[in-house]
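Trainee: I'd like to go through this one with you, starting with the empty space inside and then moving on to how the helices pack. Could you bring it up?

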Amino acid sequence: MQNENESVRPPAVAGLFYPVGKDSLAKTVKKLLGEARENITGDVPKRISGIISPHAGYLYSGYTAAHAYSLLHRNQFATVAIISPSHHEYFDGVSVFSGKAYSTPLGEIKINCETREKFLGLAGDVAVKSTLGHGAEHAIEVQLPFLQSTLGDFELLPIVMGDQKREYCRVVGGALGNIASGSDVLIVASSDLSHYYDYDTANDMDKVCINDIMSLDPEILLSDIENRRCEACGGGPIASSLYASKNLGLNKVSLLNHCNSGDTSGDKSAVVGYLSAIIS
């Protein structure tokens, strides 16, 4: 029997959320990155420390996600920490993948074991090393082909939040802020926004979420989510990244693209919102 620490997490949504073939996936990602880069306007900071990116199928949110990833450069970061919600199983606390790698059709991505142990030490009882939440979860996986296509070689710290309570967001953000201080670590928060409202209602709710993110205020964001003024399935991951950003002394969020599934599918009766932003 394979040791859990030696396990490789295989693709769970290849062929569903993105193309299953290596060549077709590489071609799709390259096309999305090129289209997004051409449509980014305004001054974009050269130094990126964090990304907020959606995690739906590439047909719906790939173009939005590509905006942030198109600004990355090869070998810019040695490690990427991705914070994800758990869509398929509830558990108390936070799970960091216990195996040795994640894989996609583009290849394997090694887990940064040293950074994992440091994170676990800083997070205390909130985080465990396990496979909980990682098996069928797509919110980390869909980010990886974009990272593989832009950064090339890098190591991964995959974090799934089984519970997104405020206390856990603070702990995750504090730990990641400590790890990323003075190092080449990119923090990625994986989240969609409002779910299954009509087009106009969704846009109104998303504006609340966007304003909270732009203010770099995780406390207000979590309060607005708790009081249902806005929605984000990865509200905890976003808040965690904002806590980390405050710990790092970062003070700027650049909104690159916002849309919803109604913009891509044409069906505006019940849509899902998507956001791409960078923290610098």
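Mentor: Here it is, and please keep in mind that this is a predicted model. Let us begin with the cavities: counting those of 30 Å³ or more, we arrive at one cavity.

Trainee: How much space lies in the largest cavity?

Mentor: The largest cavity holds about 40 Å³ of space.

Trainee: And which residues line it?

Mentor: The lining of the largest cavity is made up of Ser49, Gly50, Ile187, Ser241, Ser245, Leu248, Leu250 and Ile279. Helix 9, which covers residues 235–248, supplies the largest share of that lining, with three residues.

Trainee: What does the lining look like by class?

Mentor: The lining of the largest cavity has four nonpolar and four polar residues, and no charged ones.

Trainee: OK, now pockets. What is the volume of the largest one?

Mentor: The largest pocket has a volume of about 230 Å³. Its lining consists of 14 residues, and those that lie nearest the centre of the pocket are Ala56, Asp192, Tyr196, Val272 and Tyr274.

Trainee: Which elements give two or more residues to that lining?

Mentor: Those elements are strand 10, residues 195–197, and strand 12, residues 271–279. Strand 12 gives the most to the lining of the largest pocket, namely three residues.

Trainee: And how do the pocket residues divide by class?

Mentor: In the lining of the largest pocket, eight residues are nonpolar, five are polar and one is charged.

Trainee: Let's switch to helices. What do people use to describe two packed helices?

Mentor: Two packed helices are described by the angle between their axes together with the distance between those axes. As an example, take helix 3, residues 113–123, and helix 6, residues 166–180, whose axes come within 9 Å and cross at roughly 135°.

Trainee: What do we call that arrangement of helix 3 and helix 6?

Mentor: Helix 3 and helix 6 are oblique to each other, because their angle is roughly 135°, and their crossing is right-handed. On the side of helix 3, the contact is made by Thr115, Lys118, Phe119, Leu122 and Ala123, while helix 6 contributes Val171, Val172, Ala175, Leu176, Asn178 and Ile179. Sorted by class, this contact has eight nonpolar residues, two polar residues and one charged residue.

Trainee: Helix 6 packs with helix 8 as well, so at what angle?

Mentor: Helix 6 and helix 8, the latter covering residues 218–226, pack at an angle of about 150° with their axes 11 Å apart. An angle over 145 degrees counts as roughly antiparallel, and therefore helix 6 and helix 8 are described as roughly antiparallel to each other. The residues that make this contact are Arg166, Cys169 and Arg170 of helix 6, and Glu219, Leu222, Ser223 and Glu226 of helix 8.

Trainee: How many of those are charged?

Mentor: Four residues of the contact between helix 6 and helix 8 are charged, alongside two nonpolar and one polar.

Trainee: Last pair: how far apart are the axes of helix 2 and helix 5?

Mentor: The axes of helix 2, residues 58–69, and helix 5, residues 144–151, are 11 Å apart, and the two helices pack at an angle of about 35°. Helix 2 brings Tyr58, Gly62, Ala65, Ala66 and Tyr69 to the contact, and helix 5 brings Pro145, Phe146, Leu147 and Thr150. By class, seven residues of this contact are nonpolar and two are polar, with no charged residues.

Notes: Residues are numbered from 1 along each chain as its sequence is written. This is a predicted model: local features need pLDDT of at least 70, side-chain atom pairs count only at pLDDT 80 or more; totals for chains, interfaces and linings use all residues. Side-chain values use heavy atoms; hydrogens and water are left out. Axes are lines fitted to C-alpha atoms, for helices over the stretch in contact, and angles run from 0 to 180 degrees between N-to-C directions. Helices (H or I, at least four residues) and strands (E, at least two) are DSSP runs, numbered from the N terminus. Angles under 35 degrees count as roughly parallel, over 145 as roughly antiparallel, 65 to 115 as roughly perpendicular and the rest as oblique. A crossing is left-handed if the near helix is turned anticlockwise from the far one by less than a right angle, and right-handed if clockwise. Contact means heavy atoms within 4.5 Å. Ala, Val, Leu, Ile, Met, Phe, Trp, Tyr, Cys and Pro count as nonpolar, Asp, Glu, Lys and Arg as charged, and the others, Gly among them, as polar. On a 1 Å grid over the protein atoms alone, a cavity is a set of points where a 1.4 Å probe fits but cannot get out, and a pocket is an open set with protein on both sides within 12 Å along at least five of seven lines; lining residues have an atom within 4 Å of a point. Grid points are joined across faces, edges and corners, and a volume is the space filled by probe spheres set on the points.
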